[in-house]
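These exercises are to be worked with the sequence and the model side by side. Each task is followed by a solution in steps.

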Amino acid sequence: MAKLILSMDGLMLKEIPLTKERMTIGRKPQNDIQIDNLAISGEHAAIVTILNDSFLEDLGSTNGTCVNGQQVSKHFLQNGDVIELGKYRLKYVNEVPQQAASADFEKTMVLRPGDMLKKAADQGAPKTVDTQVGVKDMLAPTPAPVAPPPAPAPAVTAAAPADAALPLAAIQVLTGANTGKELVLTKTLTTLGKPGVQVAVIARRPHGYFITHVEGAQFPVVNGKPLDAQAHQLSDHDVIELAGVKMEFFVKS
Amino acid sequence: MDLSQALEVATRSDPGMVRTNNEDSVLADPVHGVVILADGMGGYNAGEVASGMATALLGTELSRAIEVADGVASLDMADLRDLLNDEITRANGAIHQASVSHPQYSGMGTTLVTGVFHDNRMSVAHIGDSRMYRLRGEEFSQVTRDHSFLQEQIDAGIISREDARHAQNKNLVTRALGVDARVEVEIHDYEVEPGDIYLLCSDGLNDMVDDDEISMTLQALGANLELCAMQLVQMANDNGGRDNVSVILVKIRKPFPSPRGWFSRILGRAGIK
């Protein structure tokens, strides 16, 4: 369950679990989280928690709400975010167990109307065997994954480290009008040739560069040998012939 | 009317890099202009059963109904919408019935996205978070809008599109086929142009590969649909392949107007279809 850690001048004051769907922060006593300080508005901000996600909303406070040094009106809280209210700091901590997070990550589940609050309430309650009332049937028969799931990472960043390990490569034209021209293969896909006549594509993958025939009666020729329909992994200094033009593939150091 | 000359279709379905079973199911019938993709959910093999039932039932019924209708007169878009709604409702009943009567299928369900190409138009029905995209010229757009908790949060302005990438509630769908006795189907129809490429996919693709990369792949490899489908699956797997990945690609080669003879016109005018 997510929580907030309240501190001032580096001194930890208390831990506040986000147990309610909506928790308000302010100077007045009716707030769920009361901070009695003049820099804080009577009703300063609210945190709405839905399942595992929490959202911070400024309620039109006089001095505003900052997260990680930036003024926000509405903010989707990420683990480790620091909410600043005057001299006070509220650190948002939401450590999802890695194993569970990645195992559940792709499991599509149905959320029926009315389930949401129930589910949110369940998450707040101490864990017992038969929580998850609404979606129990979906979850119960799911066997625990046997193989350890790979390190969880969002799709966007997942590609980056793999790419970083791959050295940059380029194509240099050896014949024809564009002789000497260099094309660096930075994109996932680079197409070569003339559309409608002959086209090949070079795919940049985590473990190398692969050339594949796309269209045209002629197939590309690599080091004097024509390709078949399969992808062909390129090696440093391979010579590619395509639509009458020769070019060299090379790895940039 | 045989549409297989007007529509070029490629399909691919892959378990991905983590899962051992494939709960996705795809079906393409270019002759009748029907494409269907379903992403099943439920324990053990129930997900496969649900998605398999959805594609098989719908595929058979839609193709048959179109075959019958073509023999008499052209279907108009309203007919097609009714047909889709009826057949999807029927498939929903069958899947729900199976899940209620067999304990091992309890709670199973499936997403669905289906396109029916007819008379230079396309009817799209969807339930859940399986998507359809369109590439027209250089413009890449999402045709369907997910029935998911995350999409609802985006619509309500609670969460921005950028933040949505990092949300943990990505996999909650608000509608699915077979989980209840009733189902609400979303159906729209669109004008189709020669050169258009339509992509139907399960979330195993769009969760692992950015829209920009998908768009680029369609533009680069649109001339070779089979290779394009393979490349999309490969990209999802290269990025981790944490879910089953399925794609259906449809390229419009030429216009496909329904033949309108005097006979069908008269029947149409008389309201006999």
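**Exercise 1. A sheet in chain A**

How many bridges join strand 16 (residues 198–205) of chain A to strand 17 (residues 208–215) of chain A? Place the pair in its sheet, bearing in mind that the model is predicted.

Solution.
- Step 1. Seven bridges connect strand 16 of chain A with strand 17 of chain A, and the two run antiparallel.
- Step 2. For a register point, take Ala203(A): its bridge partner in strand 17 of chain A is Phe210(A).
- Step 3. The pair belongs to an open sheet of four strands in chain A, ordered 15-16-17-20 with antiparallel pairing.
- Step 4. The edges are strand 15 (189–194) and strand 20 (232–233) of chain A; each has a single partner strand, so one side of each has no neighbour in the sheet.
- Step 5. A helix from the other chain covers part of this sheet: helix 6 of chain B lies across strand 15, strand 16 and strand 17 of chain A, at about 20° to strand 15 of chain A.

**Exercise 2. A sheet in chain B and its helices**

What is the strand order of the open five-stranded sheet in chain B? Describe its edges, one of its pairings and the helices that pack on it.

Solution.
- Step 1. The order is 1-12-11-7-8, and the strands pair antiparallel.
- Step 2. Strand 1 (7–14) and strand 8 (139–142) of chain B are the edge strands; since each has a single partner strand, one side of each is left without a neighbour in the sheet.
- Step 3. From one strand to the next, the twist averages 15°.
- Step 4. Inside the sheet, strand 7 (residues 131–136) of chain B is joined to strand 11 (residues 197–201) of chain B by five bridges, in antiparallel fashion. Tyr133(B) stands opposite Leu199(B) of strand 11 of chain B.
- Step 5. Helix 6 (residues 211–221) of chain B lies across strand 7, strand 8 and strand 11 of chain B, and runs at about 50° to strand 7 of chain B.
- Step 6. Helix 7 (residues 225–238) of chain B also packs on the sheet, where it touches strand 1 and strand 12 (245–252) of chain B. Its direction makes about 25° with that of strand 1 of chain B.
- Step 7. Glu226(B) is found in helix 7 of chain B. With 15 other C-beta atoms within 10 Å, Glu226(B) is partly exposed. Its C-alpha atom is separated by 8.4 Å from that of Arg12(B), although the two are 214 residues apart along the chain.

**Exercise 3. The nonpolar core**

Which residues touch the most other members of the largest nonpolar core? Follow one of them to its contacts.

Solution.
- Step 1. As a starting point, nonpolar side chains in soluble globular proteins tend to be buried together.
- Step 2. The largest nonpolar core has 115 residues, and those touching the most other members are Ala54(B), Leu199(B), Leu200(B), Leu232(B), Val247(B), Ile248(B) and Leu249(B).
- Step 3. Helix 1 (residues 46–72) of chain B gives the most to this core, namely nine residues.
- Step 4. Leaving aside residues up to four places away in sequence, Ala54(B) touches Ser25(B), Ala38(B), Ala91(B), Ile95(B), Thr110(B), Leu112(B) and Leu177(B).

**Exercise 4. Positive phi in chain A**

Where is Asn68(A) placed, and is Asn68(A) buried or exposed? Treat Asn223(A) likewise.

Solution.
- Step 1. Most residues other than glycine have a negative phi.
- Step 2. Asn68(A) is not a glycine, yet has a positive phi of about 50°. Asn68(A) sits in the loop between strand 7 (65–67) and strand 8 (70–72) of chain A.
- Step 3. Asn68(A) has 12 other C-beta atoms within 10 Å, so it is exposed.
- Step 4. Asn223(A) has a positive phi of about 50° and is not a glycine either. Its place is the loop between strand 18 (221–222) and strand 19 (225–226) of chain A.
- Step 5. Asn223(A) is exposed, with 11 other C-beta atoms within 10 Å.

**Exercise 5. Overall form and confidence**

What is the radius of gyration of chain B, and which stretches of chain A have pLDDT under 50?

Solution.
- Step 1. Chain B contains eight helices and 12 strands.
- Step 2. Its radius of gyration is 19 Å, close to the 19 Å that the globule rule gives for 273 residues, so chain B is as compact as a globular protein of that length.
- Step 3. Buried residues make up 55% of the 273 residues in chain B.
- Step 4. In chain A the mean pLDDT is 78, and 74% of the residues reach 70 or more.
- Step 5. Residues 98–105 of chain A stay under 50, with 10 contacts beyond four places in sequence in the model. Residues 116–163 of chain A are also below 50, and this stretch has 62 contacts beyond near neighbours in sequence.

Note on methods:
Residues are numbered from 1 along each chain as its sequence is written. Chains are lettered from A and ligands numbered from 1 in the order in which they are written. This is a predicted model: local features need pLDDT of at least 70, side-chain atom pairs count only at pLDDT 80 or more; totals for chains, interfaces and linings use all residues. Two strands pair if DSSP finds at least two bridges between them. Axes are lines fitted to C-alpha atoms, for helices over the stretch in contact, and angles run from 0 to 180 degrees between N-to-C directions. Two residues are in contact if their C-beta atoms, placed from the backbone, lie within 7 Å. A residue is buried if 20 or more other C-beta atoms lie within 10 Å of its own, exposed if 12 or fewer, and partly exposed in between; C-beta atoms are placed from the backbone. A nonpolar core is a set of buried Ala, Val, Leu, Ile, Met, Phe, Trp, Tyr and Cys residues joined through C-beta atoms within 7 Å. The radius of gyration is taken over C-alpha atoms; the globule rule is 2.2 Å times the number of residues to the power 0.38. pLDDT is the predictor's confidence in each residue, from 0 to 100.
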